[in-house]
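Trainee: I should like to understand how the terms used for a protein structure are justified. May I put some questions to you while we look at one?

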Amino acid sequence: MLYPLRFQPVFRQYIWGGRRLGEVLNKPIGEGDDFAESWEVVDHGEDQSVVAYGPLAGKSLHEVATEHAEELFGRHAPQKQFPLLFKLLDCNRNLSVQVHPNDEQGARLDPPDLGKTEAWVILDARPGSTVYAGLKSGIDAATLKRETDAGLVEHCLHSFQPVAGDCIFIPAGTVHALGEGLLVAEIQQASDTTFRLFDWNRVGADGQPRALHVDQSLAVIDYERGPVSPQEPQAVRTADSAQTERLVECDKFVLQRKTFSEAVTIGGDDRFHIVCLLSGEVGVSDDPSGEPLSMGQTVLLPAVAKSTLKPVAGEAVLLDAFLP
């Protein structure tokens, strides 16, 4: 029977990254000041989470998903690949203004890929940090094309200054960018297809402007989407004493947040759960690592698991992502 799975993080270094994945979230990053992303759970081609503990240590997530499909996915078995990707981001500088295709558009790419609907939870926001999400009201395709050609994309974007705890839902086709100073948890479809509309007129490590995908971006934008604001959390009744909030519910994933000071049970509903701890420390039943889950650490609970998470001391907060 499958057990709670912890993975070795997969790091991505980009020009907008920094050091907070290590300094704040205690990730084992190396030298350098451009650590941008920690991919906590991923099964996407050569990008693979590798099991860190227990009998399956050394196995990739794709191998687990293939060899133990019923145990991992439950009611959602089988799957061609693990369908979600969970990551942590250190936005030390502005990310590019970008947009992702939907599933139908992604299927027409070469090679084909999933679309990319995603959601962010703000873990920390330095003063003045900005989220760019959606187009301002009244911005149509012709206006955006004109402003893009003039290098004035920012004038078309809806923006706001988020606070820690905000959740922003970004369906495929939504123009967006995370701004400087944000530390973010992200759940998304298992896709790495990004069309870059604008990159703040900066250059890459080679001194050359980074590639843009203007035509592709303009073709997949949902011009009816309009401005995007933080989600309104919805209270969820549970059998335990936890305060449970539903942050996002869509056809690609459900994202909830739990705040608790006594043991809670996650699972038993015949589907997997991706759990990331945002604060505190919790013990996880049947976890072969023998160590409590701490801030910024992630565990994948397979569909056959019904896991008890018990705070070591005081209050804990976690994110819980799963398929509808």
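Trainee: What area does the protein expose, and what share of it do carbon and sulfur atoms supply?

Mentor: In this predicted model, the protein exposes about 13900 Å². Carbon and sulfur atoms supply 46% of that area.

Trainee: What makes the radius of gyration of the protein agree with that of a compact globule?

Mentor: A compact globule with 324 residues would have a radius of gyration near 20 Å, and the protein has 20 Å, so the value agrees with the rule. The C-alpha atoms fill a box of roughly 55 × 40 × 40 Å along the principal axes. Within the protein there are 6 helices and 25 strands.

Trainee: How many of the residues count as buried, and what share of the contacts join residues at least 24 apart?

Mentor: Of the 324 residues, 55% count as buried. As for contacts between residues at least 6 apart in sequence, 74% join residues at least 24 apart.

Trainee: Why is Leu88 called buried?

Mentor: The term requires a relative accessible area under 20%. Leu88 has 0%, and therefore Leu88 is buried. This residue is found in strand S7. Not counting residues up to four places away in sequence, Leu88 touches a list of residues that includes Leu21, Leu25, Ala36, Glu37, Leu123, Val184 and Cys276. One of these, Glu37, is 51 residues from Leu88 along the chain, and their C-alpha atoms are separated by 5.6 Å.

Trainee: Ala69 has a relative accessible area of 15%. Why is Ala69 called buried or exposed?

Mentor: The value of 15% is set against the cut-off of under 20% for buried, so Ala69 is buried. Ala69 belongs to helix H3. Leaving out residues up to four places away in sequence, Ala69 touches Val64, Gly74 and Ala77. Ser294 is 225 residues from Ala69 in sequence, and 28 Å lies between their C-alpha atoms.

Trainee: How do you know which term applies to Gln79?

Mentor: Buried means under 20% and exposed means over 50%, with partly exposed in between. Gln79 has a relative accessible area of 29%, and is therefore partly exposed. Gln79 lies in the loop between helix H3 (69–73) and strand S7 (84–91). Apart from neighbours within four places in sequence, Gln79 is in contact with Phe73 and Leu323. Gly18 is 61 residues from Gln79 along the chain, with 35 Å separating the C-alpha atoms.

Trainee: What kind of peptide bond joins Ala77 and Pro78, and where is Pro78?

Mentor: Most peptide bonds are trans. The bond between Ala77 and Pro78 is cis, with omega about -10°. Pro78 is placed in the loop between H3 and S7. Another cis peptide bond runs from Asp110 to Pro111, where omega is near 0°. Pro111 is in the loop between helix H4 (103–107) and strand S9 (118–125).

Trainee: What makes the phi of Trp200 and that of Asn201 worth a remark?

Mentor: Most residues other than glycine have a negative phi. Trp200 is not a glycine, and its phi is positive, about 60°. Asn201 is likewise a residue other than glycine, and its phi is near 60°. Trp200 lies in the loop between strand S15 (195–198) and helix H6 (214–220), and Asn201 is found in the loop between S15 and H6.

Trainee: Why do Trp200 and Asn201 receive the terms they do for accessible area?

Mentor: With a relative accessible area of 18%, set against the limit of under 20%, Trp200 is buried. Asn201 has 68%, which satisfies the requirement of over 50%, so Asn201 is exposed.

Trainee: How does one find empty space inside a structure, and how many cavities of 30 Å³ or more are there?

Mentor: Rolling a probe the size of a water molecule over the atoms shows where empty space is left. The structure holds 1 cavity of 30 Å³ or more. About 40 Å³ of space lies in the largest cavity. Among the residues that line the largest cavity are Gly134, Leu135, Thr174, Val175, Asp222 and Arg225. The lining divides into 4 nonpolar, 4 polar and 2 charged residues.

Note on methods. Residues are numbered from 1 along each chain as its sequence is written. This is a predicted model: local features need pLDDT of at least 70, side-chain atom pairs count only at pLDDT 80 or more; totals for chains, interfaces and linings use all residues. Side-chain values use heavy atoms; hydrogens and water are left out. On a 1 Å grid over the protein atoms alone, a cavity is a set of points where a 1.4 Å probe fits but cannot get out, and a pocket is an open set with protein on both sides within 12 Å along at least five of seven lines; lining residues have an atom within 4 Å of a point. Grid points are joined across faces, edges and corners, and a volume is the space filled by probe spheres set on the points. Ala, Val, Leu, Ile, Met, Phe, Trp, Tyr, Cys and Pro count as nonpolar, Asp, Glu, Lys and Arg as charged, and the others, Gly among them, as polar. Helices (H or I, at least four residues) and strands (E, at least two) are DSSP runs, numbered from the N terminus. The radius of gyration is taken over C-alpha atoms; the globule rule is 2.2 Å times the number of residues to the power 0.38. Buried means under 20% relative accessible area, exposed over 50%, partly exposed in between (1.4 Å probe, protein chains only). Contact means heavy atoms within 4.5 Å. Accessible areas come from the Shrake-Rupley method with a 1.4 Å probe; for residues, only the protein chains shown count as cover.
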